[in-house]
Amino acid sequence: TTSFRSPSITGDHMDEILGGRRLRRNRRTDWSRRLVRENTLTVDDLIWPVFVMEGTNVREPVPSMPGVERLSVDLVVREAERAMRLAIPMLAIFPNTDPELRDATGTEALNDQNLVCRACRAIRAEGLNIGLMTDVALDPYTSHGHDGIMSGESILNDETVEQLCRQALIQAGAGSDVIGPSDMMDGRVGALRQALDQNGFRDTQILAYSAKYASGFYGPFRDAVGTNATLIGDKRTYQMDPANTDEAIREAEMDIAEGADMIMVKPGLPYLDIIRRLKDTFQVPTFAYQVSGEYAMVEAAAANGWIDGERVMMESLMAFKRAGADGILTYYAPRVAEVLARGR
Ligand code: PBG
């Protein structure tokens with residue numbers, strides 16, 4: 001048997017080891033922790049994604065996203081008022097299109113009376129001074145659930161971009177302030193910028209989903225917009241490979257050169273390294289999308305009593321700030337805003 005010299009750590013001995021450096025000093029009191037805090041989360045960091053559906057005074061829970069509902073246009077207007085009261089800067093509007101209106105080329109995306117356009121107009125008609133962002137991609141409108149126009153097995157790039165430009169013009173005409181191309185076609189940002197400028201929408205901003213990965217974390221969103229059942233194959237020929245990081249730099253570089261005002265990384269928490277790299281490389285407004293699957297995981301664990309849901313919600317959003325994000329699209333936006341307003 002080996003015998004050890006039992007260690008005796010006296011205060012003096014530890015001072016010698018630490019040379020007087022004790023990092024716990026700053027953590028001892030609440031006021032001190034607040035004083036030395038490096039990052040803050042405020043309501044100004046939030047973008048709130050909402051789902052709109054047909055009908056009047058209708059709300060429908062999204063089963064895989066507890067606490068999130070699809071809302072008819074009139075109720076989306078109520079939520080926009082709530083967002084205003086909470087001082088949330090912007091809403092992102094996604095449609096659950098009637099399956100009957102979906103076709104191979106996403107024709108309904110070009111209908112200026114589609115759900116997204118009606119929601120934008122209704123919010124604008126109330127005179128609410130809140131940012132409106134709309135998604136540019138065809139998936140909520142196509143029968144095959146892809147973001148672009150399909151030919152055989154493949155998604156056509158240039159034909160899709162042409163369609164996306166028309167979609168964006170219709171959205172801008174309905175009052176969308178920020179166009180969010182989430183389709184990952186090559187050249188779409190430049191084409192959108194040109195189309196917007198040539199049609200009198202010089203002030204319409206573009207928030208490019210620059211680094212959007214082919215991710216399993218989008219499942220519950222596809223439930224919410226009703227594309228899960230219909231999606232043929234997967235999106236790996238246009239969304240990015242989760243194994244790549246240099247490629248995110250090239251995507252962002254192109255989007256910025258083509259005229260993106262802001263860029264985004266999606267999903268969020270599993271891709272914090274990408275947010276940090278893009279922010280360090282480009283110094284442009286950079287956003288994170290805490291996507292549906294991330295939300296669902298937190299909610300599921302919280303519902304089981306396995307984690308403290310509110311605490312993890314706040315911690316996850318702070319993680320985005322720490323990684324360098326200027327803001328976060330999150331289904332938690334109204335709940336976070338309420339917690340922040342309570343002053344915690
Ligand atoms: C579609 C789009 C998706 C999301 C936002 N826009 C899904 C997809 O690419 O399949 C996902 C958002 C989320 O999961 O919360 N272009």
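A residue counts as near a molecule if its C-beta atom, placed from the backbone, lies within 6 Å of it. Keep that in mind for the first exercise, and remember that this is a predicted model.

**Exercise 1. Find which residues surround the ligand, and sort them by class.**

Solution. Start at the ligand and pick out its neighbours. You should find Asp 135, Ala 137, Asp 139, Asp 147, Ser 182, Tyr 218, Phe 221, Arg 222, Lys 235, Val 291 and Ser 292. Now sort them: this shell has 4 nonpolar, 2 polar and 5 charged residues.

**Exercise 2. Work out how the two positions that UniProt lists for "active site" lie in space.**

Solution. First, look up the positions: the unreviewed UniProt entry gives Lys 212 and Lys 266. They span 55 residues in sequence, but their C-alpha atoms are no more than 4.9 Å apart, so they gather at one spot. Next, place Lys 212 on its element, which is strand E9 (residues 205-212). Then check the bond after Lys 266: a cis peptide bond joins Lys 266 to Pro 267, with omega about -5 degrees. Pro 267 itself sits in the loop between strand E10 (262-266) and H9.

**Exercise 3. Describe how helix H5 packs against helix H6.**

Solution. Two packed helices are described by the angle between their axes and the distance between the axes. For H5 (residues 157-173) and H6 (residues 188-198), the angle is about 45 degrees and the axes are 9 Å apart. The pair is therefore oblique, and H5 passes H6 in a right-handed crossing. Now zoom in on who meets whom: Val 161, Leu 164, Cys 165, Ala 168, Leu 169 and Ala 172 from H5 meet Arg 188, Ala 191, Leu 192, Ala 195 and Leu 196 from H6. Sorted by class, this contact has 10 nonpolar residues, no polar ones and 1 charged.

**Exercise 4. Do the same for helices H8 and H9.**

Solution. The axes of H8 (residues 246-258) and H9 (residues 272-282) come within 10 Å and cross at roughly 45 degrees. H8 and H9 are therefore oblique to each other, and H8 passes H9 in a right-handed crossing. On the H8 side you'll see Ala 248, Ile 249, Ala 252 and Ile 256; they meet Ile 274, Arg 277, Leu 278, Thr 281 and Phe 282 of H9. The contact splits into 7 nonpolar, 1 polar and 1 charged residues.

**Exercise 5. Say what phi Ala 87 has, and where Ala 87 sits.**

Solution. Most residues other than glycine have a negative phi. Ala 87 isn't a glycine, yet its phi is positive, about 70 degrees. To locate Ala 87, go to the loop between helix H3 (73-86) and strand E4 (90-95).

Notes
Residues are numbered from 1 along each chain as its sequence is written. This is a predicted model: local features need pLDDT of at least 70, side-chain atom pairs count only at pLDDT 80 or more; totals for chains, interfaces and linings use all residues. Ala, Val, Leu, Ile, Met, Phe, Trp, Tyr, Cys and Pro count as nonpolar, Asp, Glu, Lys and Arg as charged, and the others, Gly among them, as polar. Axes are lines fitted to C-alpha atoms, for helices over the stretch in contact, and angles run from 0 to 180 degrees between N-to-C directions. Helices (H or I, at least four residues) and strands (E, at least two) are DSSP runs, numbered from the N terminus. Angles under 35 degrees count as roughly parallel, over 145 as roughly antiparallel, 65 to 115 as roughly perpendicular and the rest as oblique. A crossing is left-handed if the near helix is turned anticlockwise from the far one by less than a right angle, and right-handed if clockwise. Two residues are in contact if their C-beta atoms, placed from the backbone, lie within 7 Å. UniProt positions are given in the numbering used here, feature names are shortened, and annotations may be inferred rather than shown by experiment.
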